[in-house]
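Biologist: Walk me through the labels on this model. I want the reason behind each one.

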Amino acid sequence: MFEHENVEEQIEKIYNLHYLDVYRFLICFSGNQNDAEDLTQEVFIRVLNNLSNKARITNLKTWIFSIAKYVAIDHYRKKRFSSLFTDGFFKQIASTEKDPNQVIEQNETKQLVHTAISKLKPTYRAIVILRGINECSIKETAEILQCSESKVKVDYHRALKEMRKKLNMDAEEVMGNAN
């Protein structure tokens, strides 16, 4: 991996390369900015604690996302959210390129999509976040979730189908509004 560098430089590089993707995954999974920040910190603490086990790490990105998945699931189990996405974070996102009515409409649509994602069963939710929002490949998603690539394809298709029913939108529109 980073054999010639000291541990601090290794951690800094790993953190800088993967922080934003991990944070984005966790904000979508938890729906709360503060929780996502705490969970992201927990992920990188676990990465630091297990970095010495390099022998079993074949793909750094999928290994980090596997840790993030377990951190998110642990958090989800502890809190048992009734609703995973809060209004506050997504309402703070504003575009300077659109007029206020477009921003309001976009935020409402985004909220509907995130609410629909939050109502998916956890395996579907994780696949939708990884594939649709974080744009992980099928192979990466399968490695992160420790399942087959065909299961990822089938579950992603089923999750989008379920969301389309709830939202009455096509698949591209659903994922376009999630970001």
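The exchange below takes up aromatic rings, charges over rings and a helix pair.

Modeller: This is a predicted model, where local features need pLDDT of at least 70, side-chain atom pairs count only at pLDDT 80 or more, and totals for chains, interfaces and linings use all residues. Residues are numbered from 1 along each chain as its sequence is written, and side-chain values use heavy atoms, with hydrogens and water left out.

Biologist: What makes Tyr 15 and Tyr 19 a tilted pair?

Modeller: Rings of Phe, Tyr and Trp (its six-membered ring) pair if their centres lie within 6.5 Å; planes under 30 degrees apart are stacked, over 60 edge-to-face, the rest tilted. Here the centres are 5.0 Å apart and the planes meet at 35°, so the pair is tilted. Both residues lie in helix α1 (residues 7-30), 4 residues apart, about one turn of the helix. Helices are DSSP runs (H or I, at least four residues), numbered from the N terminus.

Biologist: Why is the pair of Tyr 19 and Tyr 23 called stacked?

Modeller: The centres are 5.9 Å apart and the planes are at 15°, so the pair is stacked. Tyr 19 and Tyr 23 also sit 4 residues apart in helix α1. Ring pairs join Tyr 15, Tyr 19, Tyr 23 and Phe 44 into a cluster.

Biologist: Why is Tyr 23 called buried?

Modeller: Buried means under 20% relative accessible area, exposed over 50%, partly exposed in between (1.4 Å probe, protein chains only). Tyr 23 has 12%, so Tyr 23 is buried. Tyr 19, at 27%, is partly exposed.

Biologist: How do you know that the charged end of Lys 69 sits over the ring of Tyr 70?

Modeller: The test asks for NZ of Lys or CZ of Arg within 6 Å of the ring centre and within 35 degrees of the ring normal. Lys 69 passes, with its charged end 4.3 Å from the centre of the Tyr 70 ring. Arg 131 lies over the face of Tyr 156, at 5.3 Å.

Biologist: What makes α7 and α8 roughly perpendicular?

Modeller: Helix α7 (residues 138-145) and helix α8 (residues 149-167) pack at about 100°, with axes 8 Å apart. Angles under 35 degrees are roughly parallel, over 145 roughly antiparallel, 65 to 115 roughly perpendicular, the rest oblique. The two helices are therefore roughly perpendicular.

Key
Axes are lines fitted to C-alpha atoms, for helices over the stretch in contact, and angles run from 0 to 180 degrees between N-to-C directions.
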